[in-house]
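I open a fresh page for this structure. My plan is to look up confidence, then helices, then the contact between chains.

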Amino acid sequence: MSSSSTPDPTPHLDLADIEEDELEVEHEHERALGEQRGAQGERRRNWVTLAWAAPGFLWLGFFLIAPLVFIVLMSFWTPNTSVGFVKDWTTQNYSDLLHPFSLDNAYWKDMWRSFQISAIAVAACLVFGFPIAYFLAMKVQKLQYQIALFILTLAPFWTSFITRSVAWAYPLMGSHGALNTFLVKLGVSSYDNPLLNTQFTQLSVQLAMIQLYILFMVTPIFFLLAQVDRHAIEAARDLGGNWWSTFREVVLPQTMPGVVIGSIFIFVLTMGEYGTVQVISQGAVTTVGVYIQTQIVGTQYPQGAASAVLLVLILILGVFAITRFSNLREDI
Amino acid sequence: MSSSAYAPAMERTQDTVVKRQYKSKRDWAKWGLATYFVIFLVFLYAPMILMAILSFQGYQGGVTFPFSGPAGLDWWRSIFASEVHHGQQVIFTNADGIRTAGEGSLWVSLAAGAIVAVLAFTLSMAFRRSFRGDGIAFYIILLALMTPGFLLGLGTQIFWKAMGQETSLWHTALGTNTVWGIPFGFLVMMAIWNRYDDHIDEAARDLGANAARTFGEVTLPLVWTGIFGAFLFGFTLTWNDFDRTALLVVGNLTLPLEIVGLIQAAALRPDLYALGTATTLVSIAVIVTFLVVLAIRSRFRRTTVHRVEEELGLGGGIDAEAAEQVVEG
């Protein structure tokens, strides 16, 4: 370990090292049992942890962190019509996006539309998803039924969002879709002048976002509701609380983290949607994702990157605002 | 205590009133919610069921209702065979493109599944004990979960362009897809480790097994369902992905890209629905496989435990149900 040619200022440490080496040979498997809590054992376990962690984080570094960093770098480079970009630093891409900073600007118009769709989707998923999670967690008593119904609820998550969008847009929506046909049969709509205009419209996209993403709200709320202490609910009832006050004072505070996590998921993922929006609206509805995709396909890499960076900033602001409703670290 | 003398004489109305009220209220809410749950399931599944129904239309079929008969398998055949004969007429199909896309999808999903399984497992092994910076490391994994697929595809495209490299299915789309699968696999593995008893490992070591043997013969057989779960997450998420792949590849190399390709074709035909239903069935088959494996394993495991308990005469050990009955009785 330490060479004997150089004078060592702390010879005792050296001796201790040698002793410890001998000890290690003698008590190797005792050490392996975790009985030795010495600095060397700790160091070795740190190496083991590092070895386990390294492949995963190298992979994530290359395919997650580096791409995200390069979006930021690219947003400050100069656009070039022939090769896409040259590495000259500029802030022109941002000033192009920020002038004019109003809904006359196609970028902000699309951003505002995305935000509307996303905010309504979050609210609707919460309102319509909470009773589902509540039913599964509180009203289904038998564990087998609970698991079976939960899997039935969750199964569509494992199917393609693109396929679900196709199934949404063509057989269901539109003036000759199943929904309008049903409304015509009820006598409240007609084929020529449908009650709900869902032929590749924003309404159709809006409803689809709720249908596609509601599982992201049901799942976290379900898991937290399942953990709510039933004795606390009984105690609240015994102390004279009615259903609403028990729900508000006992159940809701314990489920807030689930609501927050679900809201973050839906907000972030719907703001970034573009494939499903294009399928459902046939290009008639442009969201910020569609806007950026158009730039990238047109090899306007720096402009697209700047658009994406502003989107990410808005996503971070949104997530920050949502987390104000619950202290996730303490509540979970 | 003196009041106890009056107790038998007192009417216990309060008890009965509370009980009756509680009971009737709960039942009403339960059935109301159950009805709502059924409506919710219809909302969730109706589009896919309608799509499946329309895929069985006859030769004249379009993409909307009304159903155009006679019902048949023409459109299902058309996603597998290059030509489908309908009487004298020959329907030309997209089967060649679909076959290429299907193979691409299958191989890249299997590869993504394998990578996710390995990396989710190794990452979770690191997190079994706390280490410096594990908070930030955990947030990086959550970031992988939270980043919209579209942004990641975009970033990868820009990153590789900046390096002067071309993006492709196997170089970039595979990587970005695993990034979406890793956090899911990781969370599955963490759930497994939370229920895992570390004393089992220690017992193996006490009995003389070294680290490698303990890992191979004790740890791995106990947690492989979690690893398998991570594999399936990686597989299905890649199998179904569009946003992460679309920006990075040229041409219809996977089934979701092929489906969007069919939509952009001049005339929409029910073969789109047959293909969509087929890919959905594969996904559902994967979930069912996993559940069956899980069920078989848990049954197998339970019988083993019982056998050991009987052999050792521990049958009346800790039995939660029996204990509850004792308490209630």
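**Confidence**

I began at the start of chain A: pLDDT (the predictor's confidence in each residue, from 0 to 100) stays under 50 over residues 1-13 of chain A, and the model has four contacts for them beyond four places in sequence. I count two residues as in contact if their C-beta atoms, placed from the backbone, lie within 7 Å.

I noted that this is a predicted model, where local features need pLDDT of at least 70 and side-chain atom pairs count only at pLDDT 80 or more, while totals for chains, interfaces and linings use all residues. Residues are numbered from 1 along each chain as its sequence is written, and chains are lettered from A and ligands numbered from 1 in the order in which they are written.

Chain A has a mean pLDDT of 82, with 86% of its residues at 70 or more. Within chain A, helix α1 (residues 11-26) has the lowest confidence, a mean of 52, and α5(A) the highest, 92. Helices (H or I, at least four residues) and strands (E, at least two) are DSSP runs, numbered from the N terminus.

I then turned to chain B. Its average pLDDT is 79, and 82% of the residues score at least 70. Helix α12 (residues 320-328) of chain B has the lowest mean among the elements of that chain, 49, and helix α3 (residues 95-126) of chain B the highest, 90. Residues 1-5 of chain B have pLDDT below 50 and zero contacts beyond near neighbours in sequence. Residues 315-320 of chain B are also below 50, with three such contacts.

For the complex, the predictor gives an ipTM of 0.78 and a pTM of 0.78.

**Helix α5 of chain A**

I checked its length. The 34 residues of α5(A) (residues 106-139) should span 50 Å at 1.5 Å a residue (times one less than the number of residues), and the end C-alpha atoms are 48 Å apart, which agrees.

Where does α5(A) bend? The bend is at Gly129(A), about 35°, and Pro131(A) follows within four residues. I take a bend as the angle between axes fitted to the seven residues ending at a residue and the seven starting there.

Next I looked at its partner. The axes of α5(A) and helix α13 (residues 288-297) of chain A come within 7 Å and cross at roughly 140°. The contact includes Tyr107(A) and Met111(A) of α5(A) and Tyr291(A) of α13(A).

**Two loop details**

A cis peptide bond joins His99(A) and Pro100(A), with omega about -5°. Pro100(A) sits in the loop between α4 (92-98) and α5 of chain A. Gln282(A) is not a glycine, yet its phi is positive, about 55°. I found Gln282(A) in the loop between α12 (275-281) and α13 of chain A. Most residues other than glycine have a negative phi, and most peptide bonds are trans.

**Between the chains**

Last, I looked up the contact: 62 residues of chain A touch 68 residues of chain B. On the chain A side, helix α3 (residues 39-74) of chain A gives the largest share, 17 residues.

Terms used. Axes are lines fitted to C-alpha atoms, for helices over the stretch in contact, and angles run from 0 to 180 degrees between N-to-C directions.
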